[in-house]
Amino acid sequence: MDGTPVHDIFVIGGGINGCGIARDAVGRGYSVFLAEMNDLASGTSSGSTKLIHGGLRYLEFYEFRLVREALMEREVLWCNAPHIIWPMRFVLPFFAGGPRPAWMLRLGLFLYDHIGGRKLLPATKTLDMRRDPAGKPLKPLFSKAFEYSDGWVNDARLVVLNARDAADRGATIRTRTKVVAARREGDLWAITIEDLRDRKTETVRAKLLVNAAGPWVDHVLEKTVGKNDVHNVRLVQGSHIVVRKKFDDPRAYFFQNKDGRIIFAIPYEEDFTLIGTTDRDYSDDPHNVTISEGEIDYLCAAASEYFADPVTRADIVWTYSAVRPLYDDGASKAQEATRDYVLKAEGGEGAAPLINAFGGKITTYRRLAESMLEKIEGFLGKRGDPWTAKGALPGGDFPATGYEAEVTKLKSSYPFLETRMARRLVRLYGTRARMLLGLAKSTADLGQDFGAHLYEAEVRYLVDHEWARTAEDILWRRTKRGLHFDREQTAKLEAFLHRISGPHIAAAE
């Protein structure tokens, strides 16, 4: 065997589960190598409804353990990352003859308030929609509503910050790197990886392999590991539309549809409203997922049942879709399939161990990682105690309720910043906004202005510290500035990224 190092753990997949596992593991003292074939969070993890929530509707399917775990995680994650996660109040309108009677909703919300160890989030209350501002955008049919608490998350940034923290603690994170083969060599794995930019291959050895490939988890088992007749996950497509702002209220809406399904309408990126999600089985390559005409019609029609001003195709400014890899529990309908996670291990006793992660949801990623580490310890021995419950993510080292104070401090340090830009920078980078701004005394010191308050200093930070490589990485995953960009501005950014490729591109590895 050559002199290359042997890693303790090799993780396939740079979504929320893979990055969460890598971060937890390296923080306990294991050596970790993670490979992602595309950009971080380029699949399911950037296509969510952006909620840190218990999953109120999962109570209907008796998923009490999952709901309780998710409810408990809301405040843990908020405290870990108060820049990208914050509380949101949800308004659930109801009416006589609706899909669910008021007593059922009240009972579900009572459980929601009391089974998850809620400390900071306010409790449920009843609204008179004829008097409350939340009733203004809705049809007069909805005179009553419940208002309850959940959380909002910038999902793609949650993934990147887990990867950043893992790398800061010593993990190797490789993006645009495909695992093309993984074979056992006794008690070790020999993993062949290919850099998709220069097509160079190398072999990495590790004691344990974690398959956290999301929608591709079965594909990895079949094509990479060499197993036959694999079927562990049910692929379910969820699509969303983003429309011009439908209401000014900071609260979100939880709408019940006639078919028993639900959708959310959520304030999004200050100027827009996010509406979703759909639930339908998916059988194509997850790379190819796009919203269907039927899904667009469904979301417009469902939202228009509630809003006084109908949602039309002309309102849509962007759509996105993702494939959720749900553990296949044999449920008859896509929306009834479990959102819980299942971890399955094999190997040991002379055969290099493999642990597969099936299913899960963004809210419970940290708990999934802790469960994965329990299984890893069974094979590799214990190195350290669980730590992530109290571990702030990069930029999140300020109090959970301290966002406004952090904005004030940033503006005090950089008086030239417009309030809207200061708020955006704290929302994305938290205390690390100062790393990005450096010694700047004016906007001129931030370099080229690409539009929509995106300057060269921010772009270079994202390339150097957050593995951004393309305009899509920056505009649609790291910043969401794509909602404000036109083609000419995008082309300008692409040309700049091409110009600075080389040493800057290598810096984040």
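Helix axes here are lines fitted to C-alpha atoms, over the stretch in contact, and the angle between two of them runs from 0 to 180 degrees between N-to-C directions. The model shown in every view is predicted.

**Figure 1. Overall fold of the chain, with 14 helices and 20 strands.** The C-alpha trace spans about 75 × 60 × 45 Å along its principal axes. For 509 residues, a compact globule would have a radius of gyration near 23 Å, and the chain agrees with this because its own value is 23 Å.

**Figure 2. Crossing of helix H2 (residues 64–80) and helix H7 (residues 365–380).** The two axes come within 9 Å and cross at roughly 100 degrees. Angles from 65 to 115 degrees count as roughly perpendicular, so H2 is roughly perpendicular to H7. On the H2 side, the contact is made by Glu 69, Glu 73, Val 76, Leu 77 and Asn 80. H7 contributes Tyr 365, Arg 366 and Arg 367. By class, the contact of H2 with H7 has four charged, three nonpolar and one polar residues.

**Figure 3. The second largest pocket, with about 720 Å³ of space.** Its lining counts 29 residues. Those nearest the centre of the pocket are Trp 86, Tyr 268, Glu 269, Glu 270 and Arg 427. At least two lining residues come from each of strand S4 (85–94), strand S6 (144–153), strand S13 (262–268), strand S14 (272–276) and helix H9 (419–429). H9 supplies the largest share of the lining, five residues. By class, 13 residues of the lining are nonpolar, 13 are charged and three are polar.

**Figure 4. The cis peptide bond from Gly 276 to Thr 277.** Omega of this bond is near 15 degrees. Thr 277 is placed in the loop between S14 and strand S15 (280–281). S14, which covers residues 272–276, is also one of the strands that supply at least two residues to the lining of the second largest pocket in Figure 3.

**Figure 5. Trp 467 in the loop between helix H11 (456–465) and helix H12 (471–478).** Phi of Trp 467 is near 65 degrees. This is a positive value in a residue other than glycine.

**Figure 6. Packing of H12 with helix H13 (residues 487–500).** H12, the helix that follows the loop of Trp 467 in Figure 5, has an axis that comes within 8 Å of the axis of H13. The two axes cross at roughly 125 degrees. This angle lies outside the 65 to 115 degrees of the roughly perpendicular class and is not over 145, the limit for roughly antiparallel, so H12 is oblique to H13. H12 makes the contact through Ala 471, Ile 474 and Leu 475, and H13 through Thr 490, Leu 493, Glu 494 and Leu 497. By class, the contact of H12 with H13 has five nonpolar residues, one polar and one charged.

Terms used:
Residues are numbered from 1 along each chain as its sequence is written. This is a predicted model: local features need pLDDT of at least 70, side-chain atom pairs count only at pLDDT 80 or more; totals for chains, interfaces and linings use all residues. Side-chain values use heavy atoms; hydrogens and water are left out. Helices (H or I, at least four residues) and strands (E, at least two) are DSSP runs, numbered from the N terminus. Angles under 35 degrees count as roughly parallel, over 145 as roughly antiparallel, 65 to 115 as roughly perpendicular and the rest as oblique. Contact means heavy atoms within 4.5 Å. Ala, Val, Leu, Ile, Met, Phe, Trp, Tyr, Cys and Pro count as nonpolar, Asp, Glu, Lys and Arg as charged, and the others, Gly among them, as polar. On a 1 Å grid over the protein atoms alone, a cavity is a set of points where a 1.4 Å probe fits but cannot get out, and a pocket is an open set with protein on both sides within 12 Å along at least five of seven lines; lining residues have an atom within 4 Å of a point. Grid points are joined across faces, edges and corners, and a volume is the space filled by probe spheres set on the points. The radius of gyration is taken over C-alpha atoms; the globule rule is 2.2 Å times the number of residues to the power 0.38.
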